[in-house]
Amino acid sequence: MRQSLFLVTLVIDDYDRAKAFYCGALGFDCLQDEMQPDGKRWVVVKPKGGDGAAFLLARAVNDAQKAAIGNQTGGRVGFFLKTDDFAQDRAAMLANGVRFLEEPRHEVYGTVAVFSDPYGNTFDLIQHAAPAAS
């Protein structure tokens, strides 16, 4: 059996605000933005050129969902955005107003820095280290 994770729900407060951040500041593609019969929208965004999972932007509709906005992973880094050009992507993100919570670090697995979305969800921007020569 072959399986893959293709969609992750991200609880947000406003569709347009979230779409502006993910598609504007981060440069994600908007794969879908369709009205639903109950007044909700089906909004799916995904990193450009990526082969991983996309986000379903889901507007909170009750107190429990509103309480989860920005804290879906209990304060831990919850999302990991892989890049093949850390310096270029970080510079573009900074120019678009993305808030980094730390300076880039060089770890054994690669270059990484934590950034935040407007809600407080945290992400690692990571460029993996080149494999060691054999």
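**Figure 1. The whole chain, element by element.** From the N terminus on, the elements of this chain follow the order β-α-β-β-β-α-β-α-β-β-β-β. That makes 3 helices and 9 strands to look for as you trace the backbone. Please keep in mind that the model shown here, as in every view below, is a predicted one. Taken along the principal axes, the C-alpha atoms fill a box of roughly 55 × 40 × 25 Å. Of the 134 residues in the chain, 34% are buried. Among contacts between residues at least 6 apart in sequence, 50% join residues at least 24 apart.

**Figure 2. The annotated span, residues 4–128.** An unreviewed UniProt entry gives these residues the annotation "domain: VOC". If you put a marker on the C-alpha atom at each end of residues 4–128, the two markers lie 21 Å apart. Strand makes up 38% of the span and helix 22%.

**Figure 3. A look into the largest pocket.** For anyone thinking about volumes, this pocket comes to about 790 Å³. Its lining consists of 30 residues, and those nearest the pocket centre are Phe28, Pro47, Gly50, Leu81 and Lys82. Two or more lining residues come from each of strand 3 (41–46), strand 4 (54–59), strand 5 (79–82), helix 3 (86–95) and strand 9 (122–128). Strand 5 contributes the most, with 4 residues. Sorted by chemistry, the lining holds 17 nonpolar, 6 polar and 7 charged residues.

**Figure 4. The largest nonpolar core.** Here 27 residues come together, and the members that touch the most others are Tyr22, Leu26, Phe55, Leu57, Val98 and Phe115. The elements giving two or more residues to this core are strand 1 (7–12), helix 1 (15–25), strand 3, strand 4, strand 5, helix 3, strand 8 (110–116) and strand 9. Helix 1 supplies the largest share, 5 residues. Some of these names will be familiar from the pocket view: strand 3, strand 4, strand 5, helix 3 and strand 9 each give two or more residues to the pocket lining and also to this core.

**Figure 5. Close-up on Tyr22 and its neighbours.** Tyr22 is one of the core residues that touch the most other members, so let us zoom in on its contacts. Leaving aside residues up to four places away in sequence, Tyr22 touches Leu10, Gly27, Phe28, Val45, Phe55, Leu57, Asp117 and Phe123. Two of these partners, Phe55 and Leu57, also appear among the core members that touch the most others. Another partner, Phe28, belongs to the residues nearest the centre of the largest pocket.

Terms used. Residues are numbered from 1 along each chain as its sequence is written. This is a predicted model: local features need pLDDT of at least 70, side-chain atom pairs count only at pLDDT 80 or more; totals for chains, interfaces and linings use all residues. Side-chain values use heavy atoms; hydrogens and water are left out. UniProt positions are given in the numbering used here, feature names are shortened, and annotations may be inferred rather than shown by experiment. On a 1 Å grid over the protein atoms alone, a cavity is a set of points where a 1.4 Å probe fits but cannot get out, and a pocket is an open set with protein on both sides within 12 Å along at least five of seven lines; lining residues have an atom within 4 Å of a point. Grid points are joined across faces, edges and corners, and a volume is the space filled by probe spheres set on the points. Ala, Val, Leu, Ile, Met, Phe, Trp, Tyr, Cys and Pro count as nonpolar, Asp, Glu, Lys and Arg as charged, and the others, Gly among them, as polar. A nonpolar core is a set of buried Ala, Val, Leu, Ile, Met, Phe, Trp, Tyr and Cys residues joined through side-chain atoms within 4.5 Å. Buried means under 20% relative accessible area, exposed over 50%, partly exposed in between (1.4 Å probe, protein chains only). Contact means heavy atoms within 4.5 Å.
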